[in-house]
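Colleague: Could you take me through the pockets here, and tell me what each term rests on?

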Amino acid sequence: MPPKTVRGGRRRGRREARPRADGGGARRGPGLRDRLRRDRTLVLLTLPALALVLVFNYVPILGNVVAFQDYDPYLSENGFVAMLQSPWTGFEQFERIFADSAFWDAVRNTLVLFVLQLALYFPVPILLALLINSVIRPRVRAVAQAVMYLPHFFSWVLVVTVFQQIFGGAGIIAQELRRHGVEGFDLMTDPGIFKFLVTAEGVWKDAGWGIIVFLAALASVDHQLYEAAAMDGAGRWRRMWHVTLPALRPVIALLLVLRVGDALTVGFEQILLQRDAVGPGAAEVLDTFVWWNGIRNQDFSYAAAAGLIKGVFGLALVLTANKVAHLMGEQGVYKK
C-alpha cells in the first residue's frame, strides 16, 4: 500500500488540474465599457482629430456621385440640393474619359513621373541617412541633417524660383556660359527634360524628411550587432549589408507601400507652376487634368469621373503593394 503522502499528493495534483467552475482558470480582459472608462482621456483627445478626418476625408467621398450625373452647381444656391436636382447620366462621363486622348496623355505622364521618382527619389534619403549615420562627430551630423532638412519648409513657389534662378534662361549657369562665349540654355522650358527636372526638385525639397525617418530606424539598431559583426571580421560594407539594411527593411517596405499608393499623385502645385512653361503635352498629369477640366472649364462631372478613376486605381495599388510586403515577410500598412 503506497504512503498517504503520495496519495494525497496525487489527489492535490488532480484537484489543481481541474478547471475552476467559476471560470477563474482563464482570465478574461476588460470589457468595452471598462476600456472606455479607463481610456476616456485618450479617447477625448483623439475626438477632434477623428472629427477632422471625418469631415475633410470621408464626407467629401459622397461628392463622387456627381461623376454619374450632369452636375450643374447653378441649379440651386445649396450645392447639396443642386446635386439632388442634377440629371443622372450613368457611365456617360467615363465613356468620354476613355475616349479622350488628353486623359491617356496625362496617365502616361503620371506613370513616367512616378517611375522616375521611385527610381531616383526614393533611394536618396536611404543613402543620405546611411552617410550621416556613418559620421562620428555629433555636431557635424546635426549640421548636415539640418542643412538637408531645411528645404522641406520651403514652398513650391520658392523651390521653382530657386531652380529658375539657377537653370533658367537668365539663370546663373546660362549667364556664366554666355560670359565665356558659349550659348546659354534654358532647362526650365525644355519639355524633354521636364520630368527629370521635377524629380530633382522633389529630391532637393523632401529628401531631408525621409532622412529623419530612416535615421530614427537606425537609432533603434543594437550596437552589439555591429560589434559582433566586427569581431567576426565583417568590414564596414559587410556590416551595412548584413546589419543596417535588414534593420531598415521594415521601414523601407512601409514607405514603399505608401509611395506606391501615392503613385498617381506626383505633385499638383509643383507641376501647375511649371505647366505653361513646357506645355500640357509634357506637364499634364492626372491632378492638373482634373483641375483644368473641373475648375477652369467647369466640367465638374467629367473631372469627378477622372478623379474617381484615379482613386480606385490608387486603392488597388496600395492593396497590391501591401500584399507584396506580406509576401516579403514585412507588415506593410496593416497586418495580415
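Modeller: Gladly. A pocket is an open set of points, on a 1 Å grid over the protein atoms alone, where a 1.4 Å probe fits, with protein on both sides within 12 Å along at least five of seven lines. A volume is the space filled by probe spheres set on the points, which are joined across faces, edges and corners. The model is predicted, and totals for linings use all residues, whereas local features need pLDDT of at least 70 and side-chain atom pairs count only at pLDDT 80 or more. Residues are numbered from 1 along each chain as its sequence is written, and side-chain values use heavy atoms, without hydrogens and water.

Colleague: What volume does the second largest pocket have?

Modeller: About 560 Å³.

Colleague: What makes a residue part of the lining of the second largest pocket?

Modeller: An atom within 4 Å of a point. The lining has 21 such residues, with Y121, D206, W209, R259 and D262 nearest the centre. Helix 11 supplies the largest share, seven residues.

Colleague: Why is helix 11 called a helix?

Modeller: Because a helix is a DSSP run of H or I of at least four residues, numbered from the N terminus. Helix 11 spans 194–219, so it counts as one.

Colleague: And the largest pocket?

Modeller: Its space is about 750 Å³. Among its 21 lining residues, L130, N133, S134, Y226 and T244 are closest to the centre. Helix 13 gives the most, five residues.

Colleague: Which classes make up that lining?

Modeller: It has 13 nonpolar, four polar and four charged residues. Ala, Val, Leu, Ile, Met, Phe, Trp, Tyr, Cys and Pro count as nonpolar, Asp, Glu, Lys and Arg as charged, and the others, including Gly, as polar.

Key: Helix = DSSP H or I, 4+ residues; strand = E, 2+ residues; numbered from the N terminus.
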